[in-house]
Structure formats: structure tokens, C-alpha cells
Amino acid sequence: MSALRGVGIGLGVAQGPVVRMTEALPAPENTPSTAGAEAERARVREAVAVVAQELTQRGEAAGGAAQEVLEAQAMIAEDPTLQDEVDSRIDAGATAEWAVHDAFAGFRATLEAVGGYLGERAADLDDIAQRVLARLRGVEAPGVPDPGHPFVLVARDLAPADTALLNLDQVLALVTTDGGPTSHTAILAREKGIVAVVGVGDGHALTTGETVIVDAAAGVITREPTDDERARAAERAAARRAADDAPLTPGALADGTSVALLANLGKPADAADAVARGAEGVGLFRTEFLFLSASQAPTVAQQRDAYRELLEAFPGKKVVVRMLDAGADKPLAFLNDAHEENPALGLRGLRALRASEDILREQLTALAEADAATDADLWVMAPMVATVEETVYFTGLAREYGLKTAGVMVEVPSSALLADRVLAHADFASIGTNDLTQYTMAADRLLGSVASFQDPWHPAVLRLVREVGAAGARLGKPVGICGEAAADPLLAVVLVGLGATSLSMAPSALADVRQALAARTRDDALRLAEAALGADDAPSARTAAATLAAALPPHQKETTS
Ligand code: PEP
Ligand code: MG
């Protein structure tokens with residue numbers, strides 16, 4: 001058994017036999033044209049027109065994001081600059097085939113040199129060139145194979161035209177050796193809910209016919225899986241299908257204990273998707289995401305309009321808005337542009353806001369105005385609060401502006417350890433497990449070399465969560481979780497066992513967490529939390545909880561089809 005790694009798209013898992021994508025057409029020879037420039041140009045025009053038309057038609061059949069991508073491809077195919085490049089080669093005596101091949105390769109190299117988002121468009125150009133070449137040669141364009149049975153498709157990278165029309169009854173999962181998380185393959189796979197792992201550097205080793213498990217949640221391809229691994233993957237796949245099909249009920253444990261399931265959002269436009277996925281409100285609205293590229297502080301009016309749009313999407317529902325969280329990975333030039341050796345430990349979060357109190361006051365003004373104009377239940381909170389004094393400062397200021405529910409984010413161990421005193425002043429606490437883990441483990445959350453420390457399953461992090469949960473229970477104050485940890489279905493149950501009263505996450509994780517909660521009672525959650533707390537490190541805590549979970553009877557009927 002061996003495993004290959006890449007970037008997983010979504011949380012799905014699938015297994016089946018590999019079928020490799022049909023290989024690309026061989027490159028043409030650079031032999032001089034015998035037909036003459038006029039005829040070669042006419043051949044290219046005809047081929048390009050047909051390919052562009054085919055792409056447009058495929059787009060119309062697919063709809064959605066796929067249509068946009070395919071229409072963009074059709075436009076590239078007919079791009080005048082590219083046509084000029086092709087023509088100049090034909091005028092110099094090249095055949096239509098060579099001119100197309102060479103001109104597209106030149107364009108591709110330019111995009112790759114730019115890198116980033118544009119670099120990831122390189123595969124699109126290859127696909128168009130291959131389609132035009134196939135048309136010129138009168139052969140089928142290379143594409144997705146049809147072996148007559150369901151399969152795991154392995155390709156260097158998929159062209160948008162292929163991804164858009166994948167037969168989802170046949171393609172169990174997608175593995176690409178190239179492509180990053182923002183490649184078209186990834187974008188379309190996410191939209192279509194295809195289990196996918198992209199950028200699998202060693203993916204060329206996979207051979208047609210071998211059986212693999214594709215685990216997008218872990219970004220891992222397991223070769224020669226054992227029967228046990230296959231059975232577990234099948235169980236997970238069945239549970240995910242059941243979660244997706246389940247009704248959008250409010251979050252609750254099997255014994256009826258309510259645990260509100262909320263959304264983490266970065267812009268008002270994302271609210272509709274969250275509502276469609278059954279979010280009961282917003283647990284974290286990251287206001288700084290609205291202004292990341294701004295060089296000056298946003299005006300009150302600008303902010304009010306954005307907050308109002310958000311609140312209008314959640315009439316009568318709780319919406320927790322976080323004040324601007326500047327610093328480290330989220331630089332806001334207008335709040336803190338000082339060079340700091342350790343920005344995560346610097347003037348960030350509430351510290352930066354306090355140093356520019358006029359900006360904090362303007363944000364509170366905008367929120368109060370948006371609140372007055374809408375029916376949502378607005379809660380406000382400050383990021384990176386480290387002391388009781390900061391809690392008193394922020395909640396007092398928020399109440400000065402008539403904002404009735406003011407709380408703090410618990411992201412620093414000091415405020416978790418003094419949670420009872422923090423909660424004596426705050427109306428609620430929301431635990432940011434991303435930063436709480438970073439600060440507890442002294443591991444920069446942006447640094448790949450210490451990524452193994454950045455694991456919220458670590459019992460030290462769980463103990464701090466328990467401190468806050470217990471303080472909230474004693475004082476009758478809500479304790480939410482809004483870090484990535486809440487999106488891990490098993491950890492979500494553990495967090496409830498530690499005292500979390502609501503969970504907020506990326507909307508795409510809501511269905512899985514809803515299902516995980518519904519399968520456990522409060523007593524189960526407490527036992528799972530105890531099991532995790534008793535471990536020495538993060539992997540053992542995860543294993544301890546998973547082992548106990550497997551032994552506990554599920555309280556919810558799970559679909560196994
Ligand atoms: C967190 O730190 O867990 C959190 C939710 O805030 P952010 O990820 O935006 O820092
Ligand atoms: Mg944070």
C-alpha cells in the first residue's frame with residue numbers, strides 16, 4: 001500500500017479503477033507548406049471557427065460556471081492576437097498545423113512565465129490547440145475515455161471542455177498531476193461536487209486498471225488499498241451522500257440539544273449560498289475581507305451599505321460581525337503598515353483598532369446604522385482579545401453605539417484561561433481555533449514547515465476550549481466556535497462536548513456537521529471530548545475520539561446505499 005498526495009477539492013471520498021486520459025496528439029513536423037499561404041490560412045480559419053462553435057455549444061449544454069469557462073475558451077480560440085501569430089508563421093511558409101502548434105506554445109510559455117492565476121490558464125490553451133489540430137488532421141480530439149464502467153479519471157490536467165461535460169455517473173473521482181486549487185479543473189470540480197485531488201506530482205505513476213481510494217478531504221490517493229480501507233471509504237462516501245440529501249434541519253444532537261449551525265462569510269454576496277445550505281445565521285463575518293486592497297479606511301456609508309446587504313439576507317437570524325481584524329495574513333494598510341518582525345504577535349486585531357480608535361468608532365457607527373435599518377439579530381465582536389481590560393474596553397464602546405450584543409473572540413490562550421472573567425463582561429465568546437492553535441502551539445499558521453503543530457485536535461487546545469465552555473455554562477453565556485475546527489464533523493461533536501453552544505463554518509461543511517451532530521447524544525459528545533482530552537498529542541486525540549465513535553451506537557439511521 002502506498003499513498004500519493006495533492007490538493008483535495010472538497011471533503012468527498014471515492015474509490016474505483018483508474019483510467020488514464022487519452023494522450024495528447026503528437027506535435028506536427030515543421031515541414032514547409034506545399035499548399036500555399038492562402039490555403040493554409042483558410043484551413044486554420046475553418047478549424048478555429050468549428051472549434052469555437054463546439055466549445056460554445058458544450059457551454060450551453062453545461063450551463064453555470066462551466067458555460068462561462070467554455071465561452072471564454074471559444075473567445076481565446078478566435079483571439080485576433082493569436083490569429084496574427086498563426087498567420088505570421090504561415091506567411092513564413094509553415095503549414096497550418098505547425099503554425100497553430102507553435103503560436104499556441106509561445107502563448108502558453110508567456111502565461112506560464114507570469115505564473116499564478118494566469119499560469120493555471122496554460123492548460124486551457126493546450127486544449128484549444130489540440131482541438132484545432134485534431135480538426136485540421138480530421139481526427140477525434142483527445143478527451144475523456146469511455147471504458148463502459150465507472151472509473152477514477154487520471155489526467156495531466158483536464159480541459160474545461162472535458163470537465164464541464166464529465167459524465168458523473170461514470171467518473172467516480174478526478175486526479176490531476178498538474179493544476180492548483182484555483183485551476184479551472186478545481187473550480188469546476190468544486191461546483192459539480194466531483195471528488196477531486198489536483199496537483200498530484202507523482203500521479204503519472206498511476207496506471208489504468210489499478211484500484212485507488214481518492215480522499216479529497218485528506219488530499220490523498222491510496223494505492224492498493226486494504227479491504228479495511230476500502231470498507232471505511234465506502235462508509236464515508238455513504239455518510240456524505242446521506243448528509244447531502246438530508247433535510248436542512250436546524251443543528252441538533254440526537255437527544256434534541258440544539259447546536260446552531262452558522263456560516264463563516266467574507267462578503268454579503270455569499271449569503272444566498274449559506275442560506276440555501278441551511279445556515280441558521282452567520283457566526284463570523286470577516287469584515288476585513290471587504291477592504292483587503294484598500295489603501296484608505298472605508299467610509300461609514302460604504303461599510304453601512306455592505307453590512308446592510310448582509311443583514312438583509314438573514315431577517316430575524318443571528319449575524320455575528322467581527323470588527324476589522326488587521327495583521328499578519330490580513331494586512332490592512334490603513335490600520336497597520338508598520339514592519340514587524342513577528343506580525344502575528346504584533347499590533348493586530350483589537351490592538352490595531354484601538355490604536356486607530358476613529359476607525360473602530362466609524363465601523364461601530366456603520367454597524368449601528370445597518371442594524372437600525374434591518375431585522376437581523378446583530379452581534380458584534382472584537383478579534384484577538386488578550387485581556388479582561390480589552391474586553392471591558394470593547395464591549396463598553398459597542399454598547400455606547402447602541403449595539404446590544406457585544407462579545408469577544410477567544411483566540412489567545414490568556415483570554416481562554418481567564419474566560420470566566422472575560423465572560424463576566426462580554427455577552428458571548430467565539431473561539432477562533434485557527435489562531436488559538438497558532439498561539440497555543442507557538443506555530444505560525446502560515447508556515448508550511450510547522451504545519452503539523454497547527455492541529456486543533458491537540459489536547460492543549462481542547463483544554464482551553466473546555467475552560468471557555470465551562471465558564472460560558474456557569475455564567476449562562478453562549479460560546480461559539482468559528483475556526484476551521486468546527487468544519488471537521490468528528491471534532492465538531494467533541495467541541496460540543498467541551499461546551500460549544502454553536503458552530504460556525506464554511507457553508508460547504510454544514511451538511512456533514514449537521515449529520516455528525518444528529519448521530520450523537522449529549523452524553524456521547526461528553527465521552528468523545530473526554531477521550532480526546534486524555535490523549536498526549538493531536539493524532540492520538542483524533543484516533544481516541546474516532547475509535548470511541550466507532551464503538552458508540554449511532555443514534556441516527558444512516559443511509560448505506
Ligand atoms: C480563527 O482564528 O480561528 C478565526 C476564525 O479567525 P481568522 O481565521 O479570520 O483569523
Ligand atoms: Mg483569528
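Which residues in helix 1 meet Arg131, Val132, Arg135 and Leu136 in helix 6? The tour of this predicted model answers that after a view of the whole chain.

Begin by colouring the domains. The protein is divided into domain 1 (2–22 + 144–244), domain 2 (37–137) and domain 3 (254–551). Between domain 2 and domain 3, the C-alpha centres are 47 Å apart.

Next, select helix 1 (residues 37–62) together with helix 6 (residues 122–137); their axes lie 9 Å apart and make an angle of about 125°. An angle of about 125° makes the two helices oblique to each other, and helix 1 passes helix 6 in a right-handed crossing. Now show side chains to settle the opening question: on helix 1, the residues in contact with helix 6 are Arg43, Val44, Glu46, Ala47, Val48, Val50, Val51, Leu55 and Arg58.

Then move to helix 19 (residues 489–497), which is largely enclosed by the rest of the structure because seven of its nine residues are buried. Select Leu491, Ala492, Val493, Val494, Leu495, Val496 and Gly497 to display these buried positions. Around them, bring up the packing partners: helix 18 (459–475), strand 15 (479–481), strand 16 (502–505), helix 20 (510–518), helix 21 (522–533) and helix 22 (538–551).

Finish at the two ends of helix 19. At the N-terminal end, aspartate 488 acts as a cap, with a side-chain oxygen 3.1 Å from the backbone nitrogen of leucine 490. Just after the helix, select glycine 499, where phi is positive at about 115°.

Terms used:
Residues are numbered from 1 along each chain as its sequence is written. Chains are lettered from A and ligands numbered from 1 in the order in which they are written. This is a predicted model: local features need pLDDT of at least 70, side-chain atom pairs count only at pLDDT 80 or more; totals for chains, interfaces and linings use all residues. Side-chain values use heavy atoms; hydrogens and water are left out. Buried means under 20% relative accessible area, exposed over 50%, partly exposed in between (1.4 Å probe, protein chains only). Helices (H or I, at least four residues) and strands (E, at least two) are DSSP runs, numbered from the N terminus. Contact means heavy atoms within 4.5 Å. A polar contact is a pair of N or O atoms within 3.5 Å; within protein, one must be able to donate a hydrogen and the other to accept it, and residues adjacent in sequence count only if both atoms are side-chain atoms. Domain bounds come from an automatic or database domain assignment. Axes are lines fitted to C-alpha atoms, for helices over the stretch in contact, and angles run from 0 to 180 degrees between N-to-C directions. Angles under 35 degrees count as roughly parallel, over 145 as roughly antiparallel, 65 to 115 as roughly perpendicular and the rest as oblique. A crossing is left-handed if the near helix is turned anticlockwise from the far one by less than a right angle, and right-handed if clockwise.
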